[in-house]
2 protein chains.
Amino acid sequence: MFQTMSVGIRHDDLRRRNRAMVISAVRRAGQPSRTEIAATTGLSHSTISAISADLIQEGILTESKATEPTALKRGRPQIGLALNPEAAAVLTVVLSLNFLSVAVIDYAGQVVAEEQQRLDTLVMPRDELIGACVAIVRRRLQDPDLDLGSVARIAMGIQGITDTHARAMLWSPITPLTDIPFADILETEFGIPATMENDCNMMAVALQWRDPERYRDDFIAILLSHGIGMGLVLKGTLFTGTHSSGGEFGHMIHRPGGALCRCGRRGCVEAYAGNYAIWRSAMNMSEDAEPVDVGDADMRALAARAREKDGPEREAYRRAGEALGFGLGSLFALIDPAPVAMVGVSAAAFDLIEPALREAIAQTAGGQHSTSISFDTEPNELPLIREGCAMRALTFVDQEIFAPGVQARAISGKHVA
Amino acid sequence: MFQTMSVGIRHDDLRRRNRAMVISAVRRAGQPSRTEIAATTGLSHSTISAISADLIQEGILTESKATEPTALKRGRPQIGLALNPEAAAVLTVVLSLNFLSVAVIDYAGQVVAEEQQRLDTLVMPRDELIGACVAIVRRRLQDPDLDLGSVARIAMGIQGITDTHARAMLWSPITPLTDIPFADILETEFGIPATMENDCNMMAVALQWRDPERYRDDFIAILLSHGIGMGLVLKGTLFTGTHSSGGEFGHMIHRPGGALCRCGRRGCVEAYAGNYAIWRSAMNMSEDAEPVDVGDADMRALAARAREKDGPEREAYRRAGEALGFGLGSLFALIDPAPVAMVGVSAAAFDLIEPALREAIAQTAGGQHSTSISFDTEPNELPLIREGCAMRALTFVDQEIFAPGVQARAISGKHVA
DNA sequence: GGCTTTTTTTCGAGCCTCGAAAAAATAGTG
DNA sequence: CACTATTTTTTCGAGGCTCGAAAAAAAGCC
């Protein structure tokens, strides 16, 4: 559909796009030769040759002959192209419950520095929370050991709702504060372009890079933690809502007028499957009981008890599975079934959740082929979020470097040609 | 995200795309001048001039000076460009419950011929149903009065589930038959490219053309008829599932284990809001009662009774509204609120549905700004579906004409230049 | 060392878009 | 009615980009 915007393609866009294509091919493939890139992009060898010569000359790519130490093949050996780690660096900031972590990553994707810090996010006043974030970033940026290319981009990830333009945190479970424009704050503070990303979206991005076989075109990442979040990739593209970012899967309605959710409403999926909900149910508390924070250790202990013997604990996980199953069923009714990754502390208890989940999903329209739907689990969400932020920032740089690339080439001159 | 596919842009793609851009600009704007097109596409005047000269020479566009009869402006008057009605024609086939209709539409979008037919879709055997469709299309194609350019494309619309590739009807409420590859059948029968489209998707496409102000980037078309269907446009693009086409909004779960749905499952939104569900409820029948077909006239009478006095009829509409509200709420939790168009016979009873719908939606995460969500109604779905099919077919032609356009130009030669 | 094979670079041809200038077509003006 | 101002459209040369073919480079094989 060419319905929406009809922006013509200029002649110079061509080079810009094809440069981006080459960079992205290198980032994905590791150390592809020029011939390989020509094959994957469909461009001619001459074009790849010209573009990669430019990119090498500009310091974005490097030639690394060590593709295969023992080149058994005949013919001129392939020269692997790699991202030049020093071409740029990016910085990730992940703010989660009582925890703040920052990492500096080089252009090739390697972590070159990191710092972590505990803080009391639930009670910190606005300026202190912002101050803590700014301070930790400043420490990393001013580190004299850090001798890489300047940091070209900051990606900050947070649990909660962010706006579509990736500028602000609108709401988060980790703090009572709302509407903090973190991206703008970091950008004006450090003069580095920044974005504010949703944690579950970043999980999805990370999965796409970690296992492109399984997580390619369509898949779902679900965070099973205190709250229930979702990152959704459709047709290879991260799906974000039209206004805010991130589908609020956890707040789809499971039972109208049902259990009390942390969001204040009733009957949300989260009100049955969030950590606090499982805890509440396992402790035989009322469905109206105010949600309480439950530590990861407590949740692991709860899961252990549920595995030990049948009882309220096991029943609580069963009910969580049911809620997730019906929620997924409704989701699958809309988007058709896709692979699912369960992430977070309760993903470690997925064995307790899965039977009821599958049973529920089988009762829904989306669950027609429920047995073929596959689930994967990853108990630790933080590394995923950070990876996702890093890749998000790096691909942003990839796409920003080629546009100024035209200017950069003009500046550097062509003493090679 | 350049993640998925990295197909480089060839040099000739450029022209192809820009040609498509010009055609689409003309189709949308009506009779734009070259200057207007240059402005909307962002391409230079020279380029637009060159491309439109080609398109006129190929008979795709025509110059129509009658932009404004009284040109009060100074300067050389603008020459309006219009689609040449004779450049091509498309054919639409809409198959609905007991009804089959076909229309021939010229390249400018005007209906030039049509034919309709009653048939008994619910009991027809497979070959008869297919035969009826083929026969009616053949009659239209062989009509001697039809003196237009040859039919370049067929778009067939049907209620039900179609596959992603728009080739086959997988399942439909209008017939017990399944998996009929209508697109392939028509294509091999007539040698004309054909597609199989979902009715609600076509409704959405039609709305996008009818009222581009209101229905542009994000909106939802919901069919309130025997069944409940949905067409969803996100970021200007029709959203189709990853496997089948069309979000099965009607089969999102409203109440786990609840009322019996036509699909055989329980608790779907449709089991509360479909015509049969409203009827069942109004007649005080059990929620387990087998769904029955209810005629449009009966539904209108039912609505009239509900308006007259409070009673089971009114309560039935209230419950329908509730189901739709919670369903929309869950949907809005995923995609954020967007304008909604209610289409179909029960849309005429939206006054009875709306209060409960708004009440329900206000209890959901997506309904945060529920008062700002606006609903529009359109009781007659068939014209919308046909319009959608027509536009779908025409835009396909738009995008196919430019690719052969390169060859066509070579054939026709350039006696103008 | 010469031959084969494979990868990479070079080079000219062919298009495409763009900007500037020219041409075209009209309204106003004395 | 001639002339000017104004706006649209076309023309034309310049600059870029990609492509295919051929050449060059860099190995292994005998």
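**Salt bridges and the surroundings of DNA strand D**

In the predicted model, a salt bridge joins the side chains of B:Asp351 and B:Arg307, with an N to O distance of 2.7 Å. This pair links distant parts of the chain, since B:Asp351 belongs to helix H11 (residues 350-362) of chain B and B:Arg307 to helix H9 (residues 296-308) of chain B, 44 residues apart. B:Asp351 is partly exposed, with a relative accessible area of 41%, and B:Arg307 is likewise partly exposed, at 38%.

Over all chains, the structure holds 50 salt bridges. In one of them, the side chains of A:Arg392 and A:Glu197 meet at 3.6 Å, N to O; the former lies in helix H12 (residues 381-401) of chain A and the latter in strand E9 (residues 194-198) of chain A, 195 residues apart. Both A:Arg392 and A:Glu197 are buried. A network of salt bridges links A:Glu115, A:Arg139, A:Arg140 and A:Asp143.

DNA strand D is surrounded by 28 residues, of which A:Thr47, A:Arg74, B:Arg10, B:Thr35 and B:Ser49 are the closest. Of the atoms of DNA strand D that come within 4 Å of the protein, 69% belong to sugar and phosphate. A polar side-chain atom of B:Ser49 lies 2.7 Å from a phosphate oxygen of the strand, and an N or O atom in the side chain of B:Gln78 is 2.9 Å from a phosphate oxygen, whereas a backbone N or O atom of B:Gly75 lies 3.3 Å from a base oxygen. The residues of the surface near DNA strand D comprise six nonpolar, 14 polar and eight charged, and H1(A) gives the most to this surface, with four residues.

Conventions. Residues are numbered from 1 along each chain as its sequence is written. Chains are lettered from A and ligands numbered from 1 in the order in which they are written. This is a predicted model: local features need pLDDT of at least 70, side-chain atom pairs count only at pLDDT 80 or more; totals for chains, interfaces and linings use all residues. Side-chain values use heavy atoms; hydrogens and water are left out. A residue is near a molecule or strand if one of its heavy atoms lies within 4 Å of it. A polar contact is a pair of N or O atoms within 3.5 Å; within protein, one must be able to donate a hydrogen and the other to accept it, and residues adjacent in sequence count only if both atoms are side-chain atoms. Helices (H or I, at least four residues) and strands (E, at least two) are DSSP runs, numbered from the N terminus. Ala, Val, Leu, Ile, Met, Phe, Trp, Tyr, Cys and Pro count as nonpolar, Asp, Glu, Lys and Arg as charged, and the others, Gly among them, as polar. A salt bridge is a side-chain nitrogen of Lys or Arg within 4 Å of a carboxyl oxygen of Asp or Glu. Buried means under 20% relative accessible area, exposed over 50%, partly exposed in between (1.4 Å probe, protein chains only).
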